[in-house]
Amino acid sequence: MIKITHNGRPFDADRFAQELQAHAMELAMAAIETKARGAAGSIVDPETGKHAVVFVDRLPGHRVGIRTSGSPAFARLLEKRLGVDPGDVSVMGVDKMVAEPRVYLAHASEDKAMVRPIAEYLMANGIETWFDEWEIDHGDSLRQKMEEGLGDMTHFMVILTPTSITKPWVAREIDVGLVGLVGGKNRMVPLRVGVDVGQLSPFLQTLLCEAIDPTSDVQLAALVDRLHGVSRKPALGAKPKHVITVPEGLEGWSPAAVAIAQHLAQTSEHAVSFDPHTQPVDIRAATGLSAVEVRLGILDLRDAGMLWQSEHGDLSVAPLGPLFVEFDASVMPFDPAVDAVTLANRLVSDDVEDANTEELAAKLDWKPRRMNSAIAYLERAGAIETVGALASDPWRAVFLSNGDETLRFVRSKA
């Protein structure tokens, strides 16, 4: 009788099919990572002139998440190279850009002397303003010049006076401003001078039409703040001490996820995957979080590819390498992003193809905990390749491979 075995075990067709599928999926995920990092490596950030760091994280459900420290323009170029949808590549630590205000100032010609100081004040305070007597010369087409001004504006401002509200031409300009408002192209800023709200058209009465004194520097300064997007809200006070806060640099994470990740980072002896291995009940005792908060925080970290969780039994959890990259700077006396640059520079300067991790740590005077965190950062950024071994503890890797990707990483930080 012939017995067929596979990997030292009796052959099982179903198990073999599952292993084959898992291997194929592993190859597919690795190919996605290689493509993303390859595409990123061929793009120079148009705003900095340097290559940007790109993180490719494996997420549950055979998905990947792509994040970059580059500019929004770099992210959009990377999305185009990868053929993914806009927004699929997220930008780390970049605030939403606000367009510089450009104002089209509509008014009645009879009110020009009164309106001119408003236009001059706006220009003097950094707001590009279309004012007809500055834009239209002899022989110019009035309609063409006005269309050019209207087409380039972010704010349509109309000065409503007893004279202007009777002018058909001003009414037509307001119609154009309304079209832009409805289409999301511009904002309308109607200002009243000597006119009550009840005297306005039914449409204008539905808008905020503030009264303004063109001779008041205080009111004009408030108008400038409004156009520049300065909030009228009072300053936001500090949260009560008993409320869990998210540290600067970790915006976007839930407070529960931050508390759990920081606990794991602080209690990890060597910053290697599955160190420490713990249970939700122990996390709850250490952090003071409720059972529900622990569950949701674990879910956030697990979905981000930073936490392993058992699917059976006690649902125990353990950190993965990206967790230390993301959270070490908030709890440890070192920053893996800074240390990664130091380590990469050392690899490039030593010019050794496979550097011994323990020897490098001794040269840098780093303990395994700090060294492994920096290695995790470079791995996540695709800047090095590592060689492990069964008896590699306490090191994340036995050898670090210095290649062209390492050189590019160093150049991007120069």
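Where does F274 lie? In this predicted model, F274 sits in the loop between α9 and α10. Phi of F274 is near 70 degrees, a positive value in a residue other than glycine. F274 is partly exposed, with a relative accessible area of 42%. The loop between α9 (255-267) and α10 (280-287) also holds P276. The peptide bond leading from D275 to P276 is cis. Its omega is near 5 degrees.

A positive phi also occurs at D365, which is not a glycine. The value there is about 60 degrees. D365 belongs to the loop between α14 and α15. With 69% relative accessibility, D365 counts as exposed; the cut-off for that class is over 50%.

The overall composition of the chain was examined next. The protein chain contains 16 helices and 15 strands. It has 414 residues, and buried residues make up 39% of them. Among contacts with a separation of 6 or more, 61% come from residues 24 or more positions apart. The exposed surface of the protein chain is about 23300 Å². Carbon and sulfur atoms supply 54% of that area.

Strand β8 (155-160) is mostly covered. Six of its six residues are buried. The cover extends to both faces of β8. On one side, H155, M157 and I159 are buried. On the other side, F156, V158 and L160 are buried. Strand β8 pairs with β6 and with β9. β6 and β8 run parallel and are joined by four bridges. β8 and β9 also run parallel, with six bridges between them. M157 takes part in both pairings: M157 is the bridge partner of L105, and M157 stands opposite V189 in β9.

The residue T154 lies in the loop between α5 (142-151) and β8. T154 is buried, with a relative accessible area of 14%, and the limit for that class is under 20%. A polar atom of the T154 side chain lies 2.7 Å from the backbone nitrogen of R102. R102 falls within β6 (102-106).

Helix α8 shares this neighbourhood. Its span is residues 217-227, and its buried residues are L220, L223, V224 and L227. Seen down the axis of α8, these residues fall within an arc of 100 degrees, so they line one face of the helix. Their cover includes the strands β6, β8 and β9 (187-192). Helix α3 (112-124) is also included in that cover. G229 follows α8 and has a positive phi, near 85 degrees.

Burial takes another form in helix α12. Eight of the eleven residues of α12 (residues 321-331) are buried, so the helix is largely enclosed by the rest of the structure. The buried residues of α12 are G321, P322, L323, F324, V325, E326, F327 and D328.

Nonpolar packing was then considered. In soluble globular proteins, nonpolar side chains tend to be buried together. Here, the largest nonpolar core has 26 residues. Within that core, the residues with the most contacts are L343, M371, Y377, L378, L400 and F409. Four helices each supply at least two residues of this core: α13 (336-350), α14 (357-364), α15 (368-380) and α16 (404-412). α15 gives the most, with six residues.

L400 illustrates the surroundings of one such core residue. Neighbours within four places in sequence are left aside here. The contacts of L400 then include L343, L347, L360, M371, I375 and I384. A355, T357 and T386 are also among its contacts. So are the acidic residues E353, D354 and E385. A second, separate core has 23 residues. Its members include L250, A259, L289 and L301.

Terms used. Residues numbered from 1 in each chain as written. Predicted model: local features only at pLDDT ≥ 70, side-chain atom pairs only at ≥ 80, totals over all residues. Heavy atoms only, no water. Buried < 20%, exposed > 50% of the residue type's maximum accessible area, 1.4 Å probe, protein only. Arc of directions from axis to C-beta. Contact = heavy atoms within 4.5 Å. Polar contact = N/O pair within 3.5 Å; in protein donor to acceptor, adjacent residues only side chain to side chain. Core = buried A, V, L, I, M, F, W, Y, C linked by side-chain atoms within 4.5 Å. Pairing = 2+ DSSP bridges. Areas by Shrake-Rupley, 256 points an atom, 1.4 Å probe, with all protein chains shown as cover.
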